[in-house]
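Hi,

Here is the structure I promised to pass on to you. Have a look at it first, and then read on for my notes.

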Amino acid sequence: MPGIPIAIPSRPRHGLRYTACVDGIPVTVITGFLGAGKTTLLDQWLRTYRRGEVAVIVNEVGAVGVDGDVLRARVEALVEITGGCVCCSTYPELVKALTILAEKQPQRVFVETSGAASPAGVVRAVHASQDVWLDGIVTVVDATARPMNEPAFADLAAEQLGYADIVVLSNADRLSVDAVQAKSLLVAQANPTALIACADRGLVRGYDGPSTLLNARRTDVLRAVVPSRGHAGIQTLALQAEGELDEDRFGDWIENDLANFEGRLMRVKGVVAIEGIGTRIILQGVQSRLEVSQGEAWGEQPRASQLVIIGFALDEEELLRGFRACLA
């Protein structure tokens, strides 16, 4: 289980809070636009488990489900939610399904959203349950698809990318190496913290099943140092500070300054150096839930801190000023 006790204060005064440990059943959310290849990916992943080891929730906007019939042969515990997106109209059904499936004690619950769903509602449902915890959001993108020009589609696609821990480029085998690299660059511009992988007919290149892929994204929290940027209304802010941070000031900044933007946050990821702590402190947050754990020891390497914040209507100058004021 990720997350261990560390010497960082747990003094919640807003929605944002530190999580020292994680209990319950891990939930992996698979999202992506209509026809991106979500069911094909999930079908391949389910083949790596015994039939009773994992549970699945499938969401379809239509009144009649189709994807559930495809996956039912792979899994015993499957709940199909039809007639609306789980991010809004069928949200209560998702919360109920998570509770029911958690009682069966599977190794993992996979939630496949409809192509028209925002990941935000699914994240809220997982956070609302005491029995499960969010172990990652996988966004599937059809590498061969042209960008959606309609604002509503573009905004949804950008949101699905912004929440992603992992982006899987499906149908990568249909493109040249250069074309795949170009597509990967576009994805990285939308979410520079996400791990990007390629899939051929649902088989992810270089990874032996979902557990290997989900674990791989934890070993490198920040893919690279990136400049702040914007993409389809979604902002990516890169906050950097050389030296160690004061523990109390940093805790106050999290619980006050950053929490002021709580409703606009999608992802918070970073590695920080805290005065008096010899290891890297790793932060991974989705919406208002912030998980804090210890990473590798700093050793002789120079100490520095970097946070990447993905959201909308963020005040970069205010956040950067407050972050740098935490320097010891």
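Below is what I found, going from the whole chain down to single residues.

One thing to keep in mind from the start: this is a predicted model.

**The chain as a whole**

You'll be looking at 328 residues, of which 55% count as buried. DSSP runs give the chain nine helices and 15 strands. If you take contacts between residues at least 6 apart in sequence, 75% of them join residues at least 24 apart. The accessible surface adds up to about 14100 Å², and carbon and sulfur atoms account for 51% of that.

**Aromatic rings**

The count here is five aromatic pairs. Take Trp-45 and Phe-110: their ring centres are 6.1 Å apart and their planes sit at 45 degrees, so this pair is tilted. Trp-45 belongs to helix 1 (residues 38-46) and Phe-110 to strand 5 (residues 108-112), so the pair ties together parts that are 65 residues apart in sequence. Both Trp-45 and Phe-110 are buried. Add Tyr-49, and Trp-45, Tyr-49 and Phe-110 form one aromatic cluster.

Phe-250 and Trp-253 make another aromatic pair, this one stacked, with 6.0 Å from centre to centre and 20 degrees between the planes. Both of these residues sit in helix 8 (residues 247-257), and because they are three residues apart there, about one helical turn separates them. In general, an α-helix has 3.6 residues a turn, so residues three or four places apart point the same way. Phe-250 and Trp-253 are both buried.

While you are at helix 8, its buried residues are Phe-250, Gly-251, Trp-253, Ile-254 and Glu-255. Where the helix starts, Asp-246 has a side-chain oxygen that reaches to within 3.2 Å of the backbone nitrogen of Asp-248.

There is also a charge over a ring to look up: Arg-280 lies over the face of Trp-298, 4.2 Å from the ring centre.

**Around Ser-118**

Is Ser-118 buried or exposed? It counts as buried, because its relative accessibility is 13% and the cut-off for buried is under 20%. You'll find Ser-118 in the loop between strand 5 and helix 4 (119-128).

What does Ser-118 touch, leaving aside residues up to four places away in sequence? The answer is Cys-87, Leu-156 and Glu-159. With Glu-159 there is a polar contact of 2.6 Å between the two side chains, Ser-118 on one end and Glu-159 on the other. A polar atom of the Ser-118 side chain also lies 3.1 Å from the backbone nitrogen of Ala-120. As for Thr-31, it is 87 residues away from Ser-118 in sequence, yet the two are 8.2 Å apart in space, C-alpha to C-alpha.

**Salt bridges**

The count comes to ten salt bridges, and I picked out a few for you.

Arg-267 and Asp-165 meet through their side chains at 2.6 Å, N to O. Arg-267 is in strand 12 (residues 265-272), while Asp-165 is in the loop between helix 5 (151-162) and strand 7 (166-170), so this salt bridge ties together parts that are 102 residues apart in sequence. Arg-267 counts as buried at 3% relative accessibility, and Asp-165 counts as buried at 3% too.

Next come Arg-201 and Asp-173, whose side chains form a salt bridge of 2.8 Å, N to O. Here Arg-201 lies in the loop between strand 8 (195-200) and strand 9 (203-204), and Asp-173 in the loop between strand 7 and helix 6 (177-190), so the parts tied together are 28 residues apart in sequence. Arg-201 counts as exposed, with 60% relative accessibility, whereas Asp-173 counts as partly exposed, with 34%.

Glu-53 forms a salt bridge with Arg-50, and their closest N and O atoms are 3.1 Å apart. In this pair Glu-53 is buried, at a relative accessible area of 18%, but Arg-50 counts as exposed, at 63% relative accessibility.

Finally, look for Asp-43, Arg-47 and Arg-74, which are linked in a network of salt bridges.

Enjoy looking around!

Notes: Residues numbered from 1 in each chain as written. Predicted model: local features only at pLDDT ≥ 70, side-chain atom pairs only at ≥ 80, totals over all residues. Heavy atoms only, no water. Helix = DSSP H or I, 4+ residues; strand = E, 2+ residues; numbered from the N terminus. Buried < 20%, exposed > 50% of the residue type's maximum accessible area, 1.4 Å probe, protein only. Contact = heavy atoms within 4.5 Å. Areas by Shrake-Rupley, 256 points an atom, 1.4 Å probe, with all protein chains shown as cover. Phe/Tyr/Trp six-rings, centres within 6.5 Å; stacked < 30°, edge-to-face > 60°. Lys NZ or Arg CZ within 6 Å of the ring centre and 35° of its normal. Polar contact = N/O pair within 3.5 Å; in protein donor to acceptor, adjacent residues only side chain to side chain. Salt bridge = Lys/Arg side-chain N within 4 Å of Asp/Glu carboxyl O.
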